[in-house]
Amino acid sequence: MRTRFTEVAIRAPGDLLYGIAPRPVSVGRGLTLGGGLVYPESNFTLPAMTINEAAWPQVIEEYRQMAASIIKRACALEVPGLVLEFEQLPALTEHPAWGAEITALVREELERAHAKHGLKCALRVTIVDLRDATRPPRLRSGPHWEAMREAWRRAARAGADMLSIESVGGKEVHDKALVEADMAGIVYALGVLAARDMEWLWSELVAAAEVEGAMAAGDSGCGFANTAMQLAHQKMLPEVLAAVVRAMTAARSLIAYECGVRGPSKDCAYEGPVLKAIAGCPISMEGKTAACAHLSPLGNIAAMAADLWSNESVQNVRLLAAGAPEVFLEMLAYDCRLFNTAAEQGRREMLRDLLVASDECRSPQALLLSPQATLRIAAAILEHAGDDYRRTLAAGRTAAALIREAGAAGRLSLSKVEARWLDRIARDLDALPEDAAALEAEVLPRYGELFDPASYGTPAPALGLE
Amino acid sequence: MAELSQLYDAIITGDAKASVAVTKEVLDGGADPLELVTKHMIPAMDEVGRRFECEEYFVPELLLSARAMKGAMALIRPLLVAQGAEPLGRVAIGTVKGDLHDIGKNLVASMLEGGGFEVIDLGADVGTDKFVDAVTARNANIICLSALLTVTMPAMKTTIEALKAAGLREKVKVLVGGAPLTQRYADEIGADGYGENASVAVSLARRLTAARAT
């Protein structure tokens, strides 16, 4: 059952702060997220190795060693609390028993630390959305969906406190539209297809999490906006396009919360501040500490409203100091110590403003993460709260306007090539119809063969086009 | 009659309609199809690649140019076949077993196609048997392997070993690419080439096929 947000939880940019969420949540062993403190969320993964039955003992040992070393360092640094994220690899979701076995061992390590050191802690498990393994993806049935559902349940039973996913509904169309910079296709993928899948998927996942006693903890537009961010980083796409796509993913990711999610959003969801402004939920964010996984222009500003501070994903490789997961936990711990000390001394707003100011004017993607931009995008979404397509379009148009305004005011400098692309993107967005059915009729000839209408709850062929 | 420079311009600006129209007109006027490709179309794609390398163009522009090239090639290829000319190369491309990421692979496939190669797209999560089959049953002479995950990179090595085991390694060039890859890794697993982006992949494939021909 989906209940749409119609008003913001945070009304003023000044109230969008790190460590404080209007609707904090208690989870795991003594943690309250969004209740005043920022906690590290440590995410770790295997080095280059094959996952199969023969290698399984080594896989287990790698995970056990990573979890133990992270927890040990967290206790040594006296972190106020810790979230571990076990983000599954495809093979671990395909074999739900494998994913559950790792979940159980990480949970054991956390429980031991809680019992021995009083470490407040929780475990987030993120399963892999396997549904796009076939072309076109089958989203609502079939072995991939069944494996995911089983992995979700088993992770909860094995001890996950929070469950997340980076879902991919609509991505089959978005991937093509993105690399062609086709705004009609991009908006259709996010505002129509992804929205339909999010509503269906999260209704299923929230219900399953409740049955198993775990907290549903949100989605991420990673497959859409982070793909765009990385392609922009490699100079394959204009950065203004990545920024606009990011804003539009907020309308999509919000649907998880409208379907009953309460937990902190995923770290790689840079649309998190908009989710926090509307849903009031705590959010996990990643910035410079995620450079182990990917580079970004958002190193500091990403922390400005974070309730969990994450490293995205780090491989278990040996560095001079220690294993990389332990090293990155230390970086997260010191960042959180700074955030929390500033707050304790009454300087939360000041540090937040510095985090924003240090990045905001250096990149269109960073610009859109500022508190002011966040609330403008949130307002645009809520202006069309009842229409997934129109609110996605509104978020995109507002993002383009914000970048243009910053450029005109001399706060943001765009290259000639980027400025030309911004004009094109704004013009293309303005030219899109105000009605989803009209857009669908326009884009189906280009994208209709890429997706399965039944997977989006629509009869085939979609819209009766024959 | 259309000027041949119009074909060059149409490809650079990604105007597929113009590219096809000009090609048709000049072919009807008796132009040599091989000369069209080598003297006008490939130089145009080289210029597109140059603009990409110096950040004047992004991938959407590359793809439009590739599409314009492809449209023209659809008219020219049958004539080349009739003349007995071999395609530049036949490429089988796929993301390796266990990896579902295919954006990079799709970009490389489009660029290779635009670059005049015949492309067999095997998709994502592709097992070694399909790559072997592409060589034995479909005469691919270039294999392109893509991976985004560090845990699926070993499948590239497995695929190269499968080609060796099938006695096919000397018949094909193997190119690898993907975010976590390096030239060093490519060398370690015995690949013939590594490209850090789609544009590089095309020039690399051309270089390797040219080396094979000499």
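Is A:D423 buried, partly exposed or exposed? Keep that residue in mind while setting up the view, since the tour returns to it at its third stop.

**Before selecting anything**

The structure on screen is a predicted model, and it scores ipTM 0.88 and pTM 0.90. If you colour by confidence, chain B averages a pLDDT of 90, and 97% of its residues score at least 70. Where pLDDT is low, the predicted coordinates should not be read in detail. The theme of the tour is charge pairing, and a search of the whole structure finds 53 salt bridges over all chains; the stops below visit some of them in chain A.

**First stop: A:E199 and A:R2**

Select A:E199 together with A:R2, and display the salt bridge between them, in which the closest N and O atoms are 2.8 Å apart. This pair links distant parts of the chain, for A:E199 sits in helix α6 (residues 183–212) of chain A, while A:R2 belongs to the segment before β1 (20–27) of chain A, 197 residues apart. The two partners can also be looked at by accessibility: A:E199 counts as partly exposed at 32% relative accessibility, whereas A:R2, with a relative accessible area of 13%, is buried, because the cut-off for buried is under 20%.

**Second stop: A:E150 and A:R154**

Move next to helix α4 (residues 143–158) of chain A, which holds both A:E150 and A:R154, four residues apart, or about one turn of the helix. Their side chains meet in a salt bridge of 3.1 Å, N to O. With a surface displayed, A:E150 counts as partly exposed at 25% relative accessibility, and A:R154 counts as partly exposed at 34%.

**Third stop: A:R404 and A:D423**

Now select A:R404 and A:D423, whose salt bridge has its closest N and O atoms 3.0 Å apart. A:R404 lies in helix α14 (residues 388–408) of chain A and A:D423 in helix α15 (residues 416–431) of chain A, so the pair ties together parts that are 19 residues apart in sequence. A:R404 counts as partly exposed, at 42% relative accessibility, and the opening question is settled here too: A:D423 is partly exposed, with a relative accessible area of 38%.

**Last stop: a network**

Finally, select A:R2, A:R4, A:E199, A:E258, A:D388 and A:R391 as a group, since salt bridges that share partners join these residues into one network. The pair from the first stop, A:E199 and A:R2, is included in this network.

Key:
Residues are numbered from 1 along each chain as its sequence is written. Chains are lettered from A and ligands numbered from 1 in the order in which they are written. This is a predicted model: local features need pLDDT of at least 70, side-chain atom pairs count only at pLDDT 80 or more; totals for chains, interfaces and linings use all residues. Side-chain values use heavy atoms; hydrogens and water are left out. A salt bridge is a side-chain nitrogen of Lys or Arg within 4 Å of a carboxyl oxygen of Asp or Glu. Helices (H or I, at least four residues) and strands (E, at least two) are DSSP runs, numbered from the N terminus. Buried means under 20% relative accessible area, exposed over 50%, partly exposed in between (1.4 Å probe, protein chains only). pLDDT is the predictor's confidence in each residue, from 0 to 100.
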